[in-house]
Amino acid sequence: MKVLVAIKRVIDYNVKVRVKADGSGVDLANVKMSINPFCEIAVEEAVRLKEQGIASEVVVVCVGLAAAQEQLRTAMALGADRAILVEAADGLGSLAVAKALQGVVEREQPQLIILGKQAIDSDNNQTGQMLAALTGYAQGTFASRLEVAGDTARVTREIDGGLQTVALNLPAIVTTDLRLNEPRYASLPNIMKAKKKPLQTITPQALGVSLTATNTTIRVEAPTARSAGIKVGSVAELVEKLKNEAKVI
Amino acid sequence: MTILVIAEHDKGALVPATLNAVAAAQKIGGDIHVLAAGAGVSAVAEAAAKIAGVAKVLAADNAAYAHQLPENVAPLIVELAKGYSHVLAAATSNGKNILPRVAAQLDVDQISEIVSVESADTFKRPIYAGNAIATVQSSAAVKVITVRTTGFDPVAAEGGSAAVETVAAAHNAGTSSFVSEELATSDRPELTEARVVVSGGRGMGNGDNFKHLYSLADKLGAAVGASRAAVDAGFVPNDMQVGQTGKIVAPQLYVAVGISGAIQHLAGMKDSKVIVAINKDEEAPIFQVADYGLVADLFEAVPELEKLV
C-alpha cells in the first residue's frame, strides 16, 4: 500500500511572530522555519505503517516555495522514501493546495493520504477535508488512533465531548491530531542518506490545476494588547481584588 | 441575502454554540435559516425554530445523517447552499469537519473561525495562534464560514417562531460508517460556555492533584480545563485541553494554575475578561497576560483560595 503524506513549511512553533508595520502580513525574513508540527505527526504515522509492513512506500509532498525542499529532506530523513515538491507561490489558500494535492493523488494513486489537522500559521483546518471532497474519499479528521486492516481504515477522532471511532473505506484521507503519536528525531546518518533519496519538482500547470482563490487578505494587524496586570501578595488580596475590583466572583 | 446556519446538536438536543453562529449571521444581515440534519432531529428543529431571529428551519431527518458523517452531510448542505449567500457553522469539531468539505464541493475558499463581521463579504479572523488578526474579503458566490463562538455573544434561545420545513434529500456516500463513541461525562458546566474556568498545567504534578481544582471549580460554578502538558502527561482527558489545538474559551474569569503560558495555550484563553495566574515561577510567561498574578505554591494557594471564595 502506498501512503502519501502532505507537509507544510511554516514558521517554527516557538517563534513569537511579529506583524509588519504596513499591515501586509507577518515578518518571515530571517525567521526559523520548520515542518508544521501536525505534519511531523503525519510523517511519523506513515513511517510506522511502513515499519509494521502495512505501507510499502511513503511519498511525501509539499506545495510551496523551492525552500520547502529542506522540509521534504527532513521528512525523508524521518523515513519517507521519496518526495514531490509542487513549486508554487507562498501563502496559497487551502483550496488551491487541496487542488494541487488532488493532482498529485491522481498521479500517484495512494491508498491512504495523511495530513496534519491544521497548519500553525494560517490555522485554517481545511486542506484535508477539501482534498477529501475533491477526491470523493472518506475522511477521518483529528485522528488520535489509526488502524489499517484490509481495505478499511479505523480512525479514532478527537471530538468536543470525547472520542469517536469511524470506519473508512480505502482510499481515504486522515488528518492527525497531537496525540496520534510522538514523532521521532532524524539521526545524522539518516539525514545524510536522505540527501540521496529522490526529490521530484513539478509545477501546478503540469498537474493541470488552477490556483485561483476567492479569498483575499486585506490586512494583517497585531491583536489588541492586554493592559498590564498586577502581582498580588497573598490569596486574601487576590480574593479581595476579584470581588471588589474585577467583580467576577 | 439569505443565510444558512448549520445547527450543532448532540444527543437530540441543540448545542448552544448554534446561538453564537446565529449571532454572527445577524451581524451579516439578511434572512436566517437553520438546517437541522441528523437522525431523529425533530426536537432539535423545534428548538431551532424558537431561536430569536430565525426565519425558517430545515429539518433533514435521515439515518445516513446520524453522527454527522461528513461524507453524507456535506452533499446535503451543498445541495441546499446554492440558494444562499452565506453558509455558517460554529467552529466546533463537527463544523470544522464538515464545512471545508462543503466549500471545496462548491469550489470556494472557506473562512475559518471568524471573530468579527466587518461587512457581508469581509471578516476578521486570528492567525498564527492568535498573534495576528487577518481581515479577509471573499468574492465567493456562497460564502462558507465557521464562527469562533467566543467572538459573538449568543442570541436568545427563545422568542422566535420559525416554520419547520422538511427536507427530503437523502445522501449516503457509503464510504464511511460510525463505529463507537467514548464521551467524557461531567456535571460541571461545558468548558466553552462556562462563566468561570479553572485550568491546571504540568505544575499539578499528577492527575490525582486535579481534585484540588475540581473542588475549587465546584465552589465557583466553574468548568475545569487543562494545558497540553497536563493532557500529554495523562493527568486529564484531552477534551479538557484549552489552546490553539484544543478548545477556545473566553470566560469572565480564567484561573491558570501551574501553567507556564506557552504561545499555544494563550491562543485558547487570552480573550478571557479577567485572567488570574497562580505559579511559583515568577518568570513564567503567563504573568505577562494575567490581570492578577500570585507567585505561590499552588498546593497551598488553591486550598486557601477555595476556603476564601
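**An open sheet across two chains**

In this predicted model, ten strands make up an open sheet of mixed pairing, ordered 11(A)-5(A)-4(A)-1(A)-6(A)-10(A)-7(A)-8(A)-9(A)-13(B). Its edges are strand 11 (199-202) of chain A and strand 13 (176-183) of chain B, each of which pairs on one side only. On average, neighbouring strands of the sheet are turned by 30° against each other, direction ignored.

Strand 1 (residues 2-7) and strand 4 (residues 57-64) of chain A run parallel and are joined by six bridges. Within strand 4 of chain A, the residue opposite A:I7 is A:C62.

**Helices packed on the sheet**

Helix 3 (residues 94-108) of chain A packs on this sheet, where it touches strand 1, strand 4, strand 5 (82-87), strand 6 (112-116) and strand 11 of chain A. The direction of helix 3 makes about 150° with that of strand 4 of chain A.

Helix 4 (residues 127-135) of chain A also packs on the sheet, in contact with strand 6, strand 7 (138-149) and strand 10 (172-176) of chain A. Its direction makes about 175° with that of strand 10 of chain A.

**Helix 5 of chain B**

In helix 5 (residues 210-220) of chain B, the buried residues are B:F210, B:L213, B:L216, B:A217 and B:L220. Viewed down the helix axis, these buried residues fall within an arc of 120°, and therefore line one face of helix 5 of chain B.

The elements covering the buried residues include strand 14 (196-200), strand 15 (223-226), helix 6 (228-232), strand 16 (253-257) and helix 8 (298-308) of chain B. After helix 5 of chain B comes B:G221, which has a positive phi near 65°.

Conventions
Residues numbered from 1 in each chain as written. Chains lettered and ligands numbered in written order. Predicted model: local features only at pLDDT ≥ 70, side-chain atom pairs only at ≥ 80, totals over all residues. Heavy atoms only, no water. Pairing = 2+ DSSP bridges. Helix = DSSP H or I, 4+ residues; strand = E, 2+ residues; numbered from the N terminus. Axes fitted to C-alpha atoms, helices over the stretch in contact; angles between N-to-C directions. Contact = heavy atoms within 4.5 Å. Buried < 20%, exposed > 50% of the residue type's maximum accessible area, 1.4 Å probe, protein only. Arc of directions from axis to C-beta.
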